[in-house]
Amino acid sequence: MKHLLMVLYSFAWLVVLGISAPWWLWKLATTDKYRDGLRERLGRVPARLLSAGDTRPVIWIHAVSVGEAIAVSGLVRELRRRAAGYRIVVSTTTKTGQSLARERFGTGDVFYYPLDFAFAVRPYLRALKPQLLVLAETEFWPRMLWECRRSHIPVAVVNARISNRSYPKYLRLRLLWRRILAQLSLVLAQSEEDVLRLQRIGAPAERVRYGGNLKYDVRAVADAPVAVALRAALPAGAELFVCGSTLEGEEQLLLQAWPVLIARHPELRMLLAPRHPERFAAVAELLEQSGISWESRSQWMTRGSQELAPGSILLLDSIGELASVYGVAKVAFVGGSLVPAGGHNPLEPAQFGVPILMGPHYENFREIVDKLRARHAISIVNPVAVSAYIMDVLENPASLTAMGARGGEVFAAQAGATDRAVSALLAVLQMTGERK
């Protein structure tokens, strides 16, 4: 029965790709991020993975994009320390995730995750012979799970979560998912609610348990080049409003609110950090049309990081520096939340004790936001009255400082997920070794 399901799955996957082929071909021809790593995605194992001369058994960790790569950073570091007899390799799906992973984990141990076809998956399993596959969050690709089962490779999931948006879809297909998720050896969920959801959609109850959120253990360095430059360039009394991980539609709302904010708070400066690098040019054009004084991070750093003028905006057109920049902020807005996109990670500013603003769409980080809201450590902004909500926060400095301090306390109190994950993964390896 399971074999028949995989045949049907592969056929359906081929049909979907066939129907969407014109779109994919157009994207490949016009967009660099879709071409990058194409051979690796199609099953061509890169020579750098094989030529490293490292003969240790492999633990393969898959982190989809930048957020997941950051989340597993501590996990990779601790596994390399506590399981030095293993080689840790990391795959990503997106180009930005690949760039960050190569920077953090080393180019020779990082590659693109293969498409979910046997012809793409099997070459990696044969070449790497992983002793354990670790998936971050909810990367449940049926073919990969099936091939790991055939090869007797245990699969674990860390930082697992089921969003409000995807939960009903999983429930509708729980009979199918029960067969797929039965192949998992261990699932560490972000919250107790995620534990229940995973069990309800078919994950074996005895293999699912609370692990906590790895992102609470991520400590951003405070010395990224732009953060250092900002500290030196901001005069006494200057206030920096950092708007991070913004999506299309949010920059317009923030720019509309900006003249009102600086009229009451003339010492404000804004740092605007779009979520996706491919939107840097579009946001730059938006800033140009707004008539507001602005400059890109690359231009500003090139000309010597001179003092930012009051009321001006700095466009962060770089990758991997935002978390550090939050540490310079007077107040931070976390994007993907004024528009219905599920939100982004509010822990990045929380770790610095920086007051956090977010829109009402935070479904992807509901567990984190709920904890912050319970401690009054975050303020939820109404999209139809952005300037009024931000103004209300800025004009209560004592409340603002206390809110930031409570956010730092929430961050510190939730630490420990990395240690729990490493211990659980080592136990899976030990159990697997005993069976062999």
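## Working through a predicted fold

**Exercise 1. At what angle do helix 14 and helix 15 pack, and how far apart are their axes?**

*Solution.* Let's start with where the two helices sit: helix 14 covers residues 250-264, and helix 15 covers residues 280-290. They pack at an angle of about 25°, and their axes are 11 Å apart. Keep in mind that this is a predicted model.

**Exercise 2. Describe how helix 14 and helix 15 are oriented towards each other.**

*Solution.* Step one: recall that two packed helices are described by the angle between their axes and the distance between the axes. Step two: take the angle of about 25° and set it beside the cut-off, where angles under 35 degrees count as roughly parallel. Step three: helix 14 and helix 15 are therefore roughly parallel to each other. Step four: add the handedness, since helix 14 passes helix 15 in a right-handed crossing.

**Exercise 3. Which residues of helix 14 and helix 15 meet?**

*Solution.* On the helix 14 side, look for Glu251, Gln252 and Leu255. On the helix 15 side, they meet Val283, Leu286, Leu287 and Ser290. Now sort this contact by class: it has 4 nonpolar, 2 polar and 1 charged residues. For the spacing, a general rule helps: an α-helix has 3.6 residues a turn, so residues three or four places apart point the same way.

**Exercise 4. Is helix 9 mostly covered or mostly uncovered?**

*Solution.* Find residues 142-150, then count: 7 of the 9 residues in helix 9 are buried, so the helix is mostly covered. Buried here means under 20% relative accessible area. The buried ones are Pro142, Arg143, Met144, Leu145, Trp146, Glu147 and Cys148. Carry on just past the end of helix 9 and you'll hit His152, which takes a positive phi of about 60°.

**Exercise 5. Is Gly237 buried or exposed?**

*Solution.* First locate Gly237: you'll find it in the loop between helix 13 (225-233) and strand 8 (239-246). Next, check its relative accessible area, which is 52%. Exposed means over 50%, so Gly237 is exposed. For a sense of scale, Gly237 and Val158 are 79 residues apart in sequence, and their C-alpha atoms are 43 Å apart in space.

**Exercise 6. What radius of gyration does the protein have, and what would a compact globule have?**

*Solution.* Begin with the 436 residues: a compact globule of that length would have a radius of gyration near 22 Å. The protein has 23 Å, which agrees. Its C-alpha trace spans about 65 × 45 × 40 Å along the principal axes. To finish, 54% of the residues count as buried, and the protein has 22 helices and 14 strands.

Methods:
Residues numbered from 1 in each chain as written. Predicted model: local features only at pLDDT ≥ 70, side-chain atom pairs only at ≥ 80, totals over all residues. Heavy atoms only, no water. Axes fitted to C-alpha atoms, helices over the stretch in contact; angles between N-to-C directions. Helix = DSSP H or I, 4+ residues; strand = E, 2+ residues; numbered from the N terminus. Parallel < 35°, antiparallel > 145°, perpendicular 65-115°, else oblique. Left-handed = near helix turned anticlockwise from the far one by under 90°. Contact = heavy atoms within 4.5 Å. Nonpolar A, V, L, I, M, F, W, Y, C, P; charged D, E, K, R; others polar. Rg over C-alpha atoms; globule rule 2.2 N^0.38 Å. Buried < 20%, exposed > 50% of the residue type's maximum accessible area, 1.4 Å probe, protein only.
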